[in-house]
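Here are a few notes to read with the structure open beside you. Take them one at a time and find each spot before moving on.

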Amino acid sequence: MSLRSIRIGRLAGIPIGIQPLWFLIVALITWTLGAVYYPDQAPGIAVPLAYGLGLLSALLLFASILLHELGHAVVARRHGVEIEEIDLWLLGGVARMSGYPKAAKDELRFALAGPAVTLLIAAAFAAVALALPSSTPSAVTAVVFYQAFVNTTILVFNLLPAFPLDGGRVMRALIWSRNGDLAQATKTAAAIGRGLGYGMIGVGVLATLAGALGGLWLALIGLFVTAAAKAEENGLLVRTALGGREAGKLMAFPAITVPAKISVSEAVADYFVPHRFSAFPVLDGGRLVGLIDASTVERVPAPRRVSTSVEEIAIREPSLVIDEGQDVADLLERPAFQRVGRAVVIASDGRVGILSITDVNRVLRALELGGQLTAHPRSA
Ligand SMILES: [Zn+2]
């Protein structure tokens, strides 16, 4: 479920992305409304108008979901949690937080903010539908009624207690406020979320086999819920296990460094082959230039390795140069570290070490075997 989303702009300073699947959804909604719903509600409606209203309805739904996610974002921000981006996905959106709420009551407010917005939207459309005079063209009534209906559906769906849906977040906040343990509350909420996700897949598949195509939606959402619950749980458990661990404690130190001015072929012959490490910090005199790894070398065609210097191909990513006090859990969340898999650690004496994602995973594995990864980092 990690298709790259397309950035469409910013709202309230928050980047808004759309998953490519969303275009398919808009087309699907436009088509079903244009072919079935509007001709049903307004008999004799012109075909282009029916499809036009279908597209309008899909876009209004899109705006409703965006407002829902903005509701989450605004409240989260007020409680000190930054929102990295809002991603619109199938029947809803995801507001990606760059941290975790500090208290259960913040999480509760954050989780309820989106549904509160959707409730307002649904109520507003319902009120308009009721207030419309009987002389209103039936196509117009149908547009308003559809928004009331679809926003109510979104409201009910999002309040299912399937973490990470909003209802699941509410449940996690309630468990968290009771036992004071975010990791344990996440585990419980994620387990219930996964259970419900599998249930949705099962019911969805059976319904589809029985001829109800809506079951396909349910199965898709179930798939999303199970995957998302697992990802949220893993992310938090890793953070809990690693939180407060410093890079200096996990790095390989001191690292063998490669001079910036030598050629790539010399680096291979004098460093990569004899030392059998796959990455080295690159130094120009005493100055740190960046790092070089095997895949960077592989991208230089063999005939050019003699004429290319290490300096030219070194990875110079500022977020990959850290000091030894750096929290490893924060480092793990940096996109550059996830991509390159290594960071250069500068020790207090000025010498450098290297921390690889493999080292971090090894520590995690060891913690797991020791039984400490499950909940409490207190003895760590
Ligand atoms: Zn929500």
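The points below go through a metal site, a pair of helices and two single residues.

1. Before anything else, keep in mind that you're looking at a predicted model.

2. Let's start with the zinc ion. Which protein atoms hold on to the zinc ion as donors? They are NE2 of His68, NE2 of His72 and, listed twice, an OD atom of Asp166, at 2.0 to 2.6 Å from the metal. Follow the chain and you'll find these donors spaced as H-x3-H-x93-D.

3. Now the two histidines. Both His68 and His72 belong to helix α2, which covers residues 47-78. They sit four residues apart, or about one turn of the helix. Buried or exposed? His68 is buried, and His72 is buried as well.

4. What about the geometry of the zinc site? The angles among the four donor atoms run from 55 to 149 degrees, and the site is irregular. To be called tetrahedral, four donors would need all their angles between 85 and 135 degrees, so this range doesn't qualify. As a yardstick, the ideal angle for four tetrahedral donors is 109.5 degrees.

5. Next, look at helix α5 (residues 166-179) and helix α6 (residues 182-209). Their axes come within 8 Å and cross at roughly 145 degrees. The crossing of α5 past α6 is right-handed. On the α5 side, the contact is made by Gly168, Met171, Arg172, Ile175, Trp176 and Asn179. The α6 side brings in Leu182, Gln184, Ala185, Thr186, Thr188, Ala189 and Ile192. Sort the residues of this contact by type and you get seven nonpolar, five polar and one charged.

6. Go to Gln147, which you'll find in helix α4 (residues 138-158). Why does Gln147 count as buried? Because its relative accessibility is 0%, and the cut-off for buried is under 20%. Setting aside neighbours within four places in sequence, Gln147 is in contact with Ser57, Leu60, Leu61, Ser64 and Phe125.

7. Last stop: Ala336, in helix α13 (residues 335-340). Ala336 has 5% relative accessibility, so this residue counts as buried too. Where do its contacts lie, if you skip residues up to four places away in sequence? Ala336 touches Glu317, Ser319, Leu320 and Gly341. Try picking out Ser319 on screen: Ser319 and Ala336 are 17 residues apart along the chain, and their C-alpha atoms are separated by 7.0 Å.

How values were computed: Residues are numbered from 1 along each chain as its sequence is written. This is a predicted model: local features need pLDDT of at least 70, side-chain atom pairs count only at pLDDT 80 or more; totals for chains, interfaces and linings use all residues. Side-chain values use heavy atoms; hydrogens and water are left out. Axes are lines fitted to C-alpha atoms, for helices over the stretch in contact, and angles run from 0 to 180 degrees between N-to-C directions. A crossing is left-handed if the near helix is turned anticlockwise from the far one by less than a right angle, and right-handed if clockwise. Contact means heavy atoms within 4.5 Å. Ala, Val, Leu, Ile, Met, Phe, Trp, Tyr, Cys and Pro count as nonpolar, Asp, Glu, Lys and Arg as charged, and the others, Gly among them, as polar. Donors are N, O and S atoms within 2.8 Å of the metal (3.2 Å for Na, K and Ca); water is not among the atoms, so sites may look incomplete. Four donors count as tetrahedral if all angles lie between 85 and 135 degrees; four count as square planar and six as octahedral if opposite donors are over 155 degrees apart and all others between 65 and 115; anything else is irregular. Buried means under 20% relative accessible area, exposed over 50%, partly exposed in between (1.4 Å probe, protein chains only).
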